[in-house]
Amino acid sequence: MVSADCIDHPVMPASRYEQLVQSVVDYAIYMLDPSGRVVSWNAGAERIKGYRAEEVIGRHFSLFFTPQDCADGRPDLLLKQALEHGVAQDEGWRMRKDGTQFWALAALDVIRDDSGQVIGLAKVTRDITDRRESALQLDAIRAQLFQAQKLEALGQLTGGLAHDFNNLLTIIITSAKLALGSQDSIRVQRMLEHILDAGQRGTELTQQLLTFARHRQLDVSLIAPAAVLASTRSLLEHALPREIVLQERLQPGLPSIEVDAGQLQMVLLNLLFNARDAIGERGTICIALDAVALNGEVDGLHGKFVRFEVLDDGAGIDPKVLLRIFEPFFTTKPFGKGTGLGLSQAYGFAKQSNGAITVDSTVGVGTCMRLYLPASEQDSGLQPHR
Ligand SMILES: Nc1ncnc2c1ncn2[C@@H]1O[C@H](COP(=O)(O)OP(=O)(O)OP(=O)(O)O)[C@@H](O)[C@H]1O
Ligand SMILES: [Mg+2]
């Protein structure tokens, strides 16, 4: 590691700096002249990129970029950015001498002499291939968990839907029987209309379920929060007991958000299922959507956000349990009733979307979950955060 203390030490002579830079092996540290040619080369650069000093000094640093990046003019762009702004940062594939590639995190800083004249650029590169692979693996696991959660949610939804399909089929069969036994053409006409209506409602139900079940990779698009809410509600209606009232409060003119609509729907369904489970027999769930301006009060976030609130008047959450609800596999539900993945998924989704999720709960009174997602537009009706 390079220690800032060592570098800034006022009495360290120049040759000691060189020794220090030379001995660093975890970072490639080298200098470029203002045209991008390599001027110095340390041990870390040799270890990471595979070239010895005499092989690279005097050559242009585009040597380390992939042919595609060179064709896109990326090295020159970086150099230009650094010369204009004093610094440039980059993350991407780089080539070693043997032709293999590594994922690099690189910084380019302009160095000036006492009169302010640019004398060169300091280039520090780290090989973070391992870190990137772990991040990709984590994404893959997260996607798998989402799929598992989706199956769980589908199971819950189909239970409710089966009941609705039965009702629709009863309407169809009874109306058809009545129509068959009737001579009255007006009555027959009415029965046929009932049949058509029930058939159409059945088609809508299967359509919603299919849209929800379709497997998709993270698919970020610009969506209207109200539309996601409407489709979630129509799915949910069939999975809520009649004694649980579902209320909605929507601020008009909400800004759009840029997220994966399928994942957002999953997260909302889980919040709503959690609320339903906390209520038990009878109670009220309220979903409220607002646009809010944050100033660091929620997870240090700043800017315009759409806030999804799910409030219930259920059992509430014990303070000891509250500390753990976002942990994967943490559940207080009996075996087979919950996987404990719902809120950890919601948390992952909020973070991945540059938002946040928070909870307020009082035992015996109820719970309020709040999901914040960044607004993608500069417009409409923002309220100060409450
Ligand atoms: N609205 C709520 N009211 C009371 N407790 C809640 C509420 N939401 C979550 N919890 C508590 O947090 C725990 C974790 O919730 P989470 O959604 O992660 O998992 P789960 O609901 O138990 O299982 P799954 O979501 O996989 O079906 C729940 O088991 C419950 O104890
Ligand atoms: Mg849950």
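# Worked exercises on a predicted model

D299 is partly exposed, with a relative accessible area of 47%. Here buried means under 20% relative accessible area, exposed means over 50%, and partly exposed lies in between (1.4 Å probe, protein chains only). The model is predicted: local features need pLDDT of at least 70, side-chain atom pairs count only at pLDDT 80 or more, and totals for chains, interfaces and linings use all residues. Residues are numbered from 1 along each chain as its sequence is written, chains are lettered from A and ligands numbered from 1 in written order, and side-chain values use heavy atoms, leaving out hydrogens and water.

## Exercise 1. Positive phi

Locate D299 and N354, and state the phi and accessibility of each.

Step 1. Start with D299. Its phi is positive, about 50°, although D299 is not a glycine. The residue sits in the loop between β8 (283-295) and β9 (302-312). Helices (H or I, at least four residues) and strands (E, at least two) are DSSP runs, numbered from the N terminus.

Step 2. Turn to N354. This residue is not a glycine either, and its phi is positive at about 60°. N354 lies in the loop between α12 (342-352) and β10 (356-362). With a relative accessible area of 56%, N354 is exposed.

Step 3. Look at the helix before N354. Eight of the 11 residues of α12 are buried, so the helix is largely enclosed by the rest of the structure. Among the buried ones are L343, F349 and A350.

## Exercise 2. The magnesium site

Which residues coordinate the magnesium ion (ligand 2), and through which atoms?

Step 1. List the donors. They are N270 (OD1) and N274 (OD1), at 2.2 to 2.3 Å. Donors are N, O and S atoms within 2.8 Å of the metal (3.2 Å for Na, K and Ca); water is not among the atoms, so sites may look incomplete.

Step 2. Place them. Both N270 and N274 belong to helix α10 (residues 261-279). They are four residues apart, about one turn of the helix. An α-helix has 3.6 residues a turn, so residues three or four places apart point the same way.

Step 3. Check accessibility. N270 is buried at 10% relative accessible area. N274 is partly exposed at 23%.

## Exercise 3. The four-stranded sheet

Give the strand order of the open sheet of four strands, then examine its edges and its helix.

Step 1. Read off the order. It is β1-β4-β3-β2, with antiparallel pairing. Two strands pair if DSSP finds at least two bridges between them.

Step 2. Find the edges. β1 (27-32) and β2 (87-95) each have a single partner strand, so one side of each is left without a neighbour in the sheet. From one strand to the next, the twist averages 25°.

Step 3. Count bridges. Nine join β2 to β3 (residues 101-112). A88 has L108 in β3 as its bridge partner. Six join β1 to β4. There, M31 is partnered by A122 in β4.

Step 4. Add the helix. α6 (residues 74-85) packs on the sheet and touches β1, β2, β3 and β4 (118-127). Contact means heavy atoms within 4.5 Å. The direction of α6 makes about 160° with that of β2. Axes are lines fitted to C-alpha atoms, for helices over the stretch in contact, and angles run from 0 to 180 degrees between N-to-C directions.

Step 5. Test the enclosure of β1. Five of its six residues are buried, so β1 is largely enclosed by the rest of the structure.

## Exercise 4. Just past β1

Which residues does D33 touch, not counting those up to four places away in sequence?

Step 1. Place D33. It lies in the loop between β1 and α3 (43-49). At 22% relative accessibility, D33 counts as partly exposed.

Step 2. Name the contacts. They are V39, G120 and L121.

Step 3. Compare sequence and space. D33 and L121 are 88 residues apart in sequence, yet 6.2 Å apart in space, C-alpha to C-alpha.

## Exercise 5. The whole chain

Is the protein chain a compact globule or more spread out?

Step 1. Take the inventory: 12 helices and 12 strands.

Step 2. Compare radii. The radius of gyration is 30 Å, well over the 21 Å that the globule rule gives for 386 residues, so the chain is more spread out than a compact globule. The radius is taken over C-alpha atoms, and the rule is 2.2 Å times the number of residues to the power 0.38.

Step 3. Add the box. Along the principal axes, the C-alpha atoms fill roughly 105 × 45 × 45 Å.

Step 4. Check burial. Buried residues make up 37% of the 386.
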